[in-house]
Amino acid sequence: MNNEDEFYDAVTGLDSDESCEGTSEASFKDAVVYVGAQKNNGAVPQENGIKKHRSSLPAPMFSRNDFSVWSILKKCIGLELSKITMPIVFNEPLSFLQRISEYMEHTYLIQKACSQSDSIERMQTVAAFAVSAVASQWDRTGKPFNPLLGETYELTREDQGFRLISEQVSHHPPISAFHTESLAGDFVFHGSIYPKLKFWGKSVEAEPKGTITLELHKHKEAYTWTNPFCCVHNIILGKLWIEQYGTVEIVNHSTGEKCVLNFKPCGMFGKELHRVEGYIQDKSKKKCCVIYGKWTECMWSVDPQVYEAHRKLEKRGTTDTRKQKQEEPEAVNEDADEMPEVQETVAVIPGSTLLWRISSRPPHSAEMYNFTNFAMTLNELEPGMEGVLAPTDCRLRPDIRAMENGNIDEASIEKERLEEKQRASRKERAKDGEDWSTRWFQLGTNPYTGSQDWLYTGGYFDRKYTDCPDIY
């Protein structure tokens, strides 16, 4: 039996082949139409016509204190975690397809960009959206399940003005494709993601391969970018904590403008933890504004000259403090990478403009896998929805449903059954010389970057699912 699973897929004691779960929201009648979402950062009431979206999960998360991953990971330092199985207790009851849908939590930013007449202002708002799209990963140390090949996830949010469809289009390598469109026809947001994971002794690093594209129809503009690296520290010992780092370049292919964002690593003293700094330049490479803040908190923009003047004053005031810190080095902790103490909130430079502020999480979030309010709703399955969803939709996957309900033993058994079913299907296709055919996406070329991309072929919301594969 081949052990061909991603690190995200966890099966207790068995080779893992494929795994995932997803959730979606089918068509919502009498939904609150998105109006004025810029107020309170888009936190408008979220009605779906059936009931209010839930604010918690059916059961709290399991304790991971009695589980050790060292015996599993100690031989994998420096390697891609594509053949590692993990206890299911280290998962969270969402699929990677669902995690992708969390990009849309702050959809109001895209709608704001659609309404702005100035291209630099639009770039600022798109940059804020790109940061907000990864903000939900803060303290999310659980592993989402890998989707089964052919698995889908749909999400319709009339209150936020969009609908999304995603599909697992490849298993080796694991590739998830998604397509989101405005219900009003204002924008399209799409991409294909291939998260490549590596284990580095005390941490796991995720490289976010894949291009993300945002098209604003009114302005005939297209923006592309890739997400920053994500690292989970203290996989073996100590408290888990997350940082994101790397350079993100957002390109406006219509105007030639570019935004460069630097997600900073925490550094020796933790001063840079969660910080993001960057700038927007026009097609002549002139800096038009500086963007700064934290991906866990908020983002601001300011004039470059004002920013530089503020930095000079800041450096003068901190010279003595830095010298003192250099003379008093911290002791090295060989056992765990302790999370640096979170520094004071973002110091706002006078004259700055607020671009985005993160929404607060529910008070019981720590007991619910550190989910946001948005994430809490993603696996809802209301009566009648099964007759509307595609049979491959993540909500219908029994192992993650069992985990969400607090039945971890049942979740492990179901996961083993589903993976064995998929292994048997793959062997049958190989025996007959058949290739896997995707249902809603096809491999093509991104028209803006020229790179290979998975593009939506349309038709999902016509609800004709007679030829969908039987994967559950």
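The following questions and answers cover a predicted model, its cores, its charged contacts and its backbone exceptions.

Residues are numbered from 1 along each chain as its sequence is written. The model is predicted, so local features need pLDDT of at least 70, side-chain atom pairs count only at pLDDT 80 or more, totals for chains, interfaces and linings use all residues, and side-chain values use heavy atoms, with hydrogens and water left out.

Colleague: Which helix gives the most to the largest nonpolar core?

Modeller: A nonpolar core is a set of buried Ala, Val, Leu, Ile, Met, Phe, Trp, Tyr and Cys residues joined through side-chain atoms within 4.5 Å. Buried means under 20% relative accessible area, exposed over 50%, partly exposed in between (1.4 Å probe, protein chains only). The largest core has 71 residues, and F187, F189, L214, W225, I250, L261 and I291 have the most contacts inside it. Eight of its residues come from the helix that gives the most, α4 (residues 119-132).

Colleague: How many residues are in the second, separate core?

Modeller: This core stands apart from the largest one. Its members include I165, I175, A390 and C468. The count is 13 residues.

Colleague: How many residues apart along the chain are E404 and R54?

Modeller: The two form a salt bridge, with the closest N and O atoms 2.7 Å apart. A salt bridge here is a side-chain nitrogen of Lys or Arg within 4 Å of a carboxyl oxygen of Asp or Glu. E404 and R54 are both buried. E404 is in helix α7 (residues 398-404) and R54 in the segment before α1 (70-73), where helices (H or I, at least four residues) and strands (E, at least two) are DSSP runs numbered from the N terminus; the separation is 350 residues.

Colleague: Which strands does the salt bridge between E181 and R163 tie together?

Modeller: The closest N and O atoms of E181 and R163 are 2.7 Å apart. R163 has a relative accessible area of 26%, so R163 counts as partly exposed. The partners are 18 residues apart in sequence, and the strands are β5 for E181 and β4 for R163.

Colleague: Are D393 and R395 buried or exposed?

Modeller: Their side chains meet in a salt bridge, at 3.2 Å from N to O. Both D393 and R395 are buried.

Colleague: How many salt bridges does a search of the whole structure find?

Modeller: Some are linked in a network, made of K264, E272, E277, R311 and E314. The search of the whole structure gives 24.

Colleague: Which residues form the negative surface patch?

Modeller: Patches are made of residues with over 30% relative accessible area and no salt bridge, with like charges joined within 9 Å and nonpolar side chains (Val, Leu, Ile, Met, Phe, Trp, Tyr) within 5 Å. E434 is partly exposed because its relative accessibility is 47%. E434 sits in the loop between α8 (408-432) and β17 (441-445). The patch is formed by E428, D432, E434 and D435.

Colleague: What is the C-alpha separation of E151 and T392?

Modeller: E151 is in the loop between β2 (143-145) and β3 (152-157). Its relative accessibility is 0%, so E151 counts as buried. E151 and T392 are 241 residues apart along the chain, yet their C-alpha atoms are separated by 5.0 Å.

Colleague: How far apart in space are Q168 and L148, C-alpha to C-alpha?

Modeller: Q168 is in strand β4. Q168 is buried because its relative accessible area is 2%. Q168 and L148 are 20 residues apart in sequence, and the C-alpha distance is 6.7 Å.

Colleague: Which peptide bond is cis, with omega near 0 degrees?

Modeller: Most peptide bonds are trans. P173 lies in the loop between β4 (162-171) and β5 (174-182). The cis bond runs from H172 to P173.

Colleague: What is phi of K220?

Modeller: Most residues other than glycine have a negative phi. K220 is in the loop between β8 (212-216) and β9 (221-225). With a relative accessible area of 73%, K220 is exposed. Its phi is positive, near 55 degrees.

Colleague: And what is phi of R463?

Modeller: R463 lies in the segment after β18 (452-456). R463 counts as partly exposed because its relative accessibility is 26%. Phi of R463 is also a positive value, near 65 degrees.

How values were computed:
Areas by Shrake-Rupley, 256 points an atom, 1.4 Å probe, with all protein chains shown as cover. Lys, Arg positive; Asp, Glu negative; His and termini not counted. Charge placed at Lys NZ, Arg CZ, Asp CG, Glu CD.
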